[in-house]
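Have a look at the sequence and the structure below, and turn the model around a bit before reading on. We'll go through it piece by piece.

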Amino acid sequence: MASGPPATADLVDEHGERLRVCDTQFRAFGGRRAFGGRVRTVSCYQDNGLVKELLNSPGAGCVLVVDGRGSLHTALTGDLIAAAAVDNGWAGLVINGAVRDSAVLAGLNLGVKALGTNPRKSSKAGVGAVDVPVGFGGVTFHPGDTLYADDDGVVLLPRD
C-alpha cells in the first residue's frame, strides 16, 4: 500500500510547538487531498506572472506558497498553470487568494489549497517577489521550510 505524507494532526502531536500551524481556513481544490514538500514562495497581488513562471519550471516535489494578500478579486492560478505545475513535478499550491477552473483542478494530481474561486483573470506583469518570507494565518512561510497539508489544515516544519 502506498503511503502519502504524514497527517497534519499526527505532526502536531509529534512536534508540538516546533511545528507552525496556519490558522487560515483554506478550501481544497486539487485532486490530491494530502500533500507536502519543501516550500517555495511568491508574493504578489492580483498578478500571477511570477506564479506562472515558477510553475513552468522544475518543481522537484516542492509546494508553492502564494501570498496574494487574501484578494478574491482575481484568480492567481487556473487549469493551464496548474497543469504545468503537474507536468513540472510540483507537489502542491497553497494560495492566499483565489483560483479558477475549479472543476478541472479537482481532476489534477496536485494539491491545491486556496481561499475561494473567481473566474476573473489576473494581470500578467510579473510584479511581486519570489522566494521571500511571506506571512498569513499567523505564520511566516520561509523558503526551505517543509509544508504538509491535508483536510485538517496546513502546517510547517522550519528548516534547521
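## Strand β3 and its two partners

Strand β3 (residues 35–43) runs parallel to strand β4 (residues 63–67), and 5 bridges join the two. Keep in mind as you look that this is a predicted model. To find the pairing with β4 on screen, start from Thr41, whose bridge partner in β4 is Val65. Arg40 is another handy marker, as it stands opposite Leu64 in β4.

What about β10? Strand β10 (residues 146–150) is also joined to β3, this time by 4 bridges, and these two strands run antiparallel. Pick out Arg38 and you'll find that its bridge partner in β10 is Thr146.

## β4, wrapped up on both sides

Are the residues of β4 buried or exposed? Here 5 of the 5 residues are buried, so β4 is largely enclosed by the rest of the structure. A residue counts as buried when its relative accessible area is under 20%.

You can check this one face at a time. Val63, Val65 and Asp67 sit on one side of β4, while Leu64 and Val66 sit on the other. Both of these faces are covered.

## Helix α3 and its two sides

Now move to helix α3 (residues 79–87). Its buried residues are Ile81, Ala82, Ala84 and Ala85. Looking down the axis of α3, you'd see these buried residues fall within an arc of 155°, so they line one face of the helix. What covers them? The cover includes α2 (49–55) and α4 (102–105).

Swing round to the other side of α3 and you meet Leu80 and Asp87, which are exposed. Just after the helix comes Gly89, which takes a positive phi of about 85°.

## The largest pocket

How much space lies in the largest pocket? It holds about 180 Å³. There are 13 residues in the lining, and those nearest the centre are Asn48, Leu80, Ile81, Arg100 and Lys124.

Helix α3 turns up again here: with 3 residues, it gives the largest share of the lining of this pocket. Sorted by class, the lining of the largest pocket has 3 nonpolar, 4 polar and 6 charged residues.

## The second largest pocket

The second largest pocket has about 150 Å³ of space. Its lining is made up of 13 residues, and Thr24, Gln25, Phe26, Asp152 and Gly153 lie nearest the centre.

Which strands help to build this lining? β1 (20–22), β2 (27–28) and β11 (153–157) each supply at least two residues. The classes in the lining of the second largest pocket are 5 nonpolar, 3 polar and 5 charged.

## Pro158, after β11

Follow the chain past β11 and you'll reach Pro158 in the segment after that strand. Pro158 is partly exposed, with a relative accessible area of 24%. That label fits because partly exposed is the range between buried, under 20%, and exposed, over 50%.

Which residues does Pro158 touch, leaving aside its neighbours within four places in sequence? It is in contact with Arg18, Arg20 and Asp145. You can also compare Pro158 with Thr140: they are 18 residues apart along the chain, and their C-alpha atoms are separated by 9.8 Å.

Methods:
Residues numbered from 1 in each chain as written. Predicted model: local features only at pLDDT ≥ 70, side-chain atom pairs only at ≥ 80, totals over all residues. Heavy atoms only, no water. 1 Å grid on protein atoms, 1.4 Å probe; cavity = no way out; pocket = protein on both sides within 12 Å on 5 of 7 lines; lining within 4 Å. Points joined across faces, edges and corners; volume = space filled by probe spheres on them. Nonpolar A, V, L, I, M, F, W, Y, C, P; charged D, E, K, R; others polar. Buried < 20%, exposed > 50% of the residue type's maximum accessible area, 1.4 Å probe, protein only. Arc of directions from axis to C-beta. Contact = heavy atoms within 4.5 Å. Pairing = 2+ DSSP bridges.
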